[in-house]
Structure formats: structure tokens, C-alpha cells
Amino acid sequence: MPLSKSQTPAPATDIPQDVDGLLRLAAQSMFDVLARSTEGMMVIDRGHRVVWISDGYKRFLPALGFNDEHEFVGRRVEDVVPNTQMLQVLETGKPVLVDLLTNKAGTFLVSRLPLRNDAGEVIGALGLVLLDHPETTMQPLIQKFARLQQELEDTRRQLAAQRRPKYTIASFIGASPAALEVKRQARRVAQTDSTVLLLGETGTGKELLAHAIHSASRRAHRPLVSVNIAAVPETLLEAEFFGVAPGAYTGADRKGRDGKFKLADGGTLFLDEIGDMPLALQSKLLRVLQEQEVEPLGSNTVMRVDVRVIAATSRDLAAMVAAGQFRADLYYRLNVLPIRVPALRERLDDIEALAEALGEDIARRSGMPQKLLSPDAIEWLMQQPWPGNIRELRNTLEQVSLMSDDMQLTAQSFQGGSAVQGLAPAAAEAPMPAPAAPSLATVQAVAPLPELIEALERDAIARALQATGGNRMAAARLLQISRASLYERLARWPELERSVDG
């Protein structure tokens, strides 16, 4: 039914008819509503100065240290509002719709909006206090925020702790001439940023020395990142070193992944078993060492890094270079500051101090009282060849300490157990040799299946090492197993390598 003339509404003559006028009216109305309904408002100009505050905002001034608005307005916002993020809005031109702000006036739920002129340029910013003390009105959200923040801080502390050096130069136990010379060289190279190459048999303490050099260097407050090259499959080494760009290949993380060089930026990267690095990757490592630049897998972006490299190997790199198994240019780049870590048999005078320190650590880890060593036990330990060096010494001490009820260990304690299989007997005693582990030739078909499988593996690995002249990488390829699997088995049967060396 149409409206009669008397029912027709009068025209709204006070509402602008043009679009710009409508927008101005809407903006003014919105501003007035926000000024009345929010806890407080503030406007700053391009020069960071506070140009206006609402009546509601004035009640926060005493807590901020101001008597009235005349002391507050006109000053730079970063000088009067602790922890303010208004400058971020000015610089980026992007609003921050919801955020938590905490300062000496309390905790607030705030919003920040850029102010633009007709040309679209940012000329200021508007800050709104949406809620005063949101911890009372938004308790679940505040609790979740606090919990997430605490978890983030805990994770950061854990990561930082994992990448801090565990040892110092004083941790390298020993006062023999050989040990003192190693410590002298370590202190000297720690003062430089040049590449260090640690040479020595397995178990001599090369990783400990790498930590010690880092902790004595100017990079000690930055990360120490370690990579055991022999334990990483060849197909993953490049990604492990240089990282992966987002979506570089099917199944790759959409956020990408930082490589070890990036993680060690500003600090030290320890490359253990550098002699096992594939030839194809050696040229890329050489470029990073020379240029201090990395290019993540699947990326066209080159990133600058500041990394000091410490490499270690138990292999003869010079012989590998001569045999074409290691790049000569990379060898020269690594061999800037070589340090040879002596074998334990070259510093037998340190065995007593080492045994005492290792005994303390064994007792601490096991929760048992520390066992003392008698003079004849020390003498017996000093007569052994220790082909596994300090690692083998620790293994022997730990086994005998845990298996013996005596508080003092004597030479007899070491001569009777499985802990000393493979060690030479003391000169004064001639016990029966410990039975060797069964080989495939001695295990009959009636033996348990696990023994048969173990004997087969031992024989296969022994033959592969014999065929490759002790080259573990080549032996792993011959056996069609990973290097990590081969290393795991050699750790169980170290006599296999000694039989090849002998």
C-alpha cells in the first residue's frame, strides 16, 4: 500500500549527498564513538609526537609519571609510553588490530591504526586502549598467551644450551709434554678465525678439543654446531649443510629448513670425520669456506654467513689426496692450522689423572660411589696399548667399576673380566687369553640364530675391510649398507679394523 502524502518522511537535509562528505561524516562518527567507548585513545604525528589524547587516556597519566596532559602531549611517544609499538605502524603503514601492551601503567589490550592523507601517505597513527587490565576479563586468552610465551623462552634456552661448548681447554686432562703442547696450540689457534684441522686416532679427544677452542675464542657466546659427516647419509648431506628452500622438492617443509652453516652463523661449525665427505660435496664446501656464502637447496638466493670451521679426522688426508679420494684444494683450505692430538699410548703419564677424572664422571652418572685405583692398577693400565685411546680407557674403567663390589680396584680387578678383551696382559701376570668372539667358521648350524647372524655380519665386514684396505666408505658401498650402519657395527667389533691395520 503506498504511503500517503502525510506519511512520507521528510528529506534528511543534514546528511551529505556526496560520497566524500559521507565518508568524512562516517569517519567523524566512528572517531567519536571510539573516543567514548574505548578506555583511551592517542594520536601521534609523523615525527612520533603525541598530538592528542582522549579524556579516558588521561587517567593513565599518573601511572606513567605525568601530572597532566600538558606534560604528556607534545613529547615523543617512545619517551612517554614504555614498550610502545606505535613506531612500527608509522614505518610499515600496516595496522595492528589486536595486541597486548604491558608497561608500568598495567597490561592493556590495544589496537593501532595508521592515519593517511588524501594522497595515501602515512602522516600519523591512532592508538586505542580497548581493554584495561585484560587479565581479569580475558583470563583464558591471557593464560594461553603467557604459557606460549614461556614455552618459547624455554625452547630458546634449551637450543642455546645445546649449542654452547661443553668443554674448555682445562677439560683436556693431562700434564705430559704431549698434552701440554696440544693445549698450548689450542690456546693459540683460539685467538684466530682461521680453519683448524684436528688430526688423530679415534677416541683421542678431538671433539672435546673443538669445544675447548670455541670456548676460548671470541665466538664463545655464539653457537657451536657439530656435524658427524660419517653418521649422515650421503643423500642428505647437502641439505644438512646448506639448508632447504621452501618447497624445494616433494615433501620438503613449506617453511624451508636452515642448514648447519646458517645455524652456526657468527659461531663455529665442527665437522667431525671430514675424511668421509663425498667428493661431490667437497667442492661445494670449498666454495663456502672461501666465499663465506651458502645457497640453500632449491634456492637462487645466496646468503652471507660468518662461520669459523673446525674439522677433525682420524684418517690420513694427505694419503687420501695422493690416492684421489680427497680434493687437494679442500685439504689445503682445511689444513691452515693443523693440531695433531696424540694417542693415549704417547702420553701414558697422563693415565692416572685421566682415570681419576673419568672415575668421577662415571660415579656421577651412575649414582654410585667413586672407586679408587690401587698403585698396581695404575701400573697395569699404563702397560696397555689402548688402541681405542681415551674412549677405550673410559669403557674399561666403567665396566670394571660397575661390575666390582670392591671400593678399591686393583690390577686383578682388570685382568679377569670381559672389559679388557683385546688388551695386552700385564707383564707380571699371564692369564689365559679371553675367548675371541665366534666367527662364521666356528659357529655351527645348531647355534642360536642371533649368533649365526652376528658371525655372518662380522665375517662379511672383515672381508670388505680387507678388500678395500681398511677404507670404511668403500667397504660400506661394497656391503650396500650406510656408513652409519657400518660405524655402528665397528663400534661393537673394533678388533675388525685393528686386524686390517695389523
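**Packing inside the predicted model**

At 1% relative accessibility, Phe241 counts as buried, and this residue makes a convenient entry point to the interior of the structure. The model is a predicted one. Phe261 also has a relative accessibility of 1% and is therefore counted as buried, the cut-off being under 20%. The rings of these two residues form a pair: their centres lie 6.1 Å apart and their planes meet at 45°, so the arrangement is classed as tilted. Phe241 belongs to helix 10 and Phe261 to helix 11 (residues 260-263), and the pair links distant parts of the chain, 20 residues apart.

Both phenylalanines also appear in the largest nonpolar core, which comprises 30 residues. Those with the most contacts inside this core are Phe241, Phe261, Leu269, Leu271, Ile274, Leu285 and Phe326. Two or more core residues are given by each of strand 7 (224-228), helix 10 (234-242), strand 8 (268-272), helix 12 (279-291), strand 11 (308-313), helix 13 (317-322) and helix 14 (328-334). Helix 12 gives the largest share, with five residues. In soluble globular proteins, nonpolar side chains tend to be buried together.

Leu271 offers a view of the packing from a single position. Once its neighbours within four places in sequence are set aside, Leu271 is in contact with Val227, Ile229, Phe241, Leu285, Val309, Ile310, Ala311 and Ala312. Apart from the largest core lies another one, of 24 residues, with Val81, Val89, Ala105 and Val129 among them.

Attention now turns to the empty space in the model. The structure holds one cavity of 30 Å³ or more, and the volume of the largest cavity is about 210 Å³. Its lining is made up of 17 residues, of which Tyr57, Val81, Leu101, Val110 and Val129 are the closest to the centre. Val81 and Val129, also named among the residues of the 24-residue core, are thus met again in this lining. At least two lining residues come from each of strand 3 (96-103), strand 4 (106-116) and strand 5 (122-132). Strand 4 supplies the largest share, four residues. Sorted by class, the lining has twelve nonpolar residues, four polar ones and one charged residue.

Aromatic contacts complete the picture. A pair of aromatic rings is described by the distance of the centres and the angle of the planes. Nine aromatic pairs are found in the structure. One of them joins Phe60 and Phe108 in an edge-to-face arrangement, with 5.1 Å from centre to centre and 65° between the planes. Phe60 sits in the loop between strand 2 (50-53) and helix 2 (61-64), while Phe108 is part of strand 4, so this pair ties together parts that are 48 residues apart in sequence. Phe60 is buried, at a relative accessible area of 6%, and Phe108 is likewise buried, at 4%. Ring pairs bring Phe60 and Phe108 into a cluster with Tyr57, Phe66 and Phe72. Tyr57, a member of this cluster, is also one of the residues closest to the centre of the largest cavity.

These details belong to a protein chain with 22 helices and 14 strands. Of its 502 residues, 39% count as buried. Among contacts between residues at least 6 apart in sequence, 63% join residues at least 24 apart.

Terms used:
Residues numbered from 1 in each chain as written. Predicted model: local features only at pLDDT ≥ 70, side-chain atom pairs only at ≥ 80, totals over all residues. Heavy atoms only, no water. Core = buried A, V, L, I, M, F, W, Y, C linked by side-chain atoms within 4.5 Å. Buried < 20%, exposed > 50% of the residue type's maximum accessible area, 1.4 Å probe, protein only. Contact = heavy atoms within 4.5 Å. 1 Å grid on protein atoms, 1.4 Å probe; cavity = no way out; pocket = protein on both sides within 12 Å on 5 of 7 lines; lining within 4 Å. Points joined across faces, edges and corners; volume = space filled by probe spheres on them. Nonpolar A, V, L, I, M, F, W, Y, C, P; charged D, E, K, R; others polar. Phe/Tyr/Trp six-rings, centres within 6.5 Å; stacked < 30°, edge-to-face > 60°.
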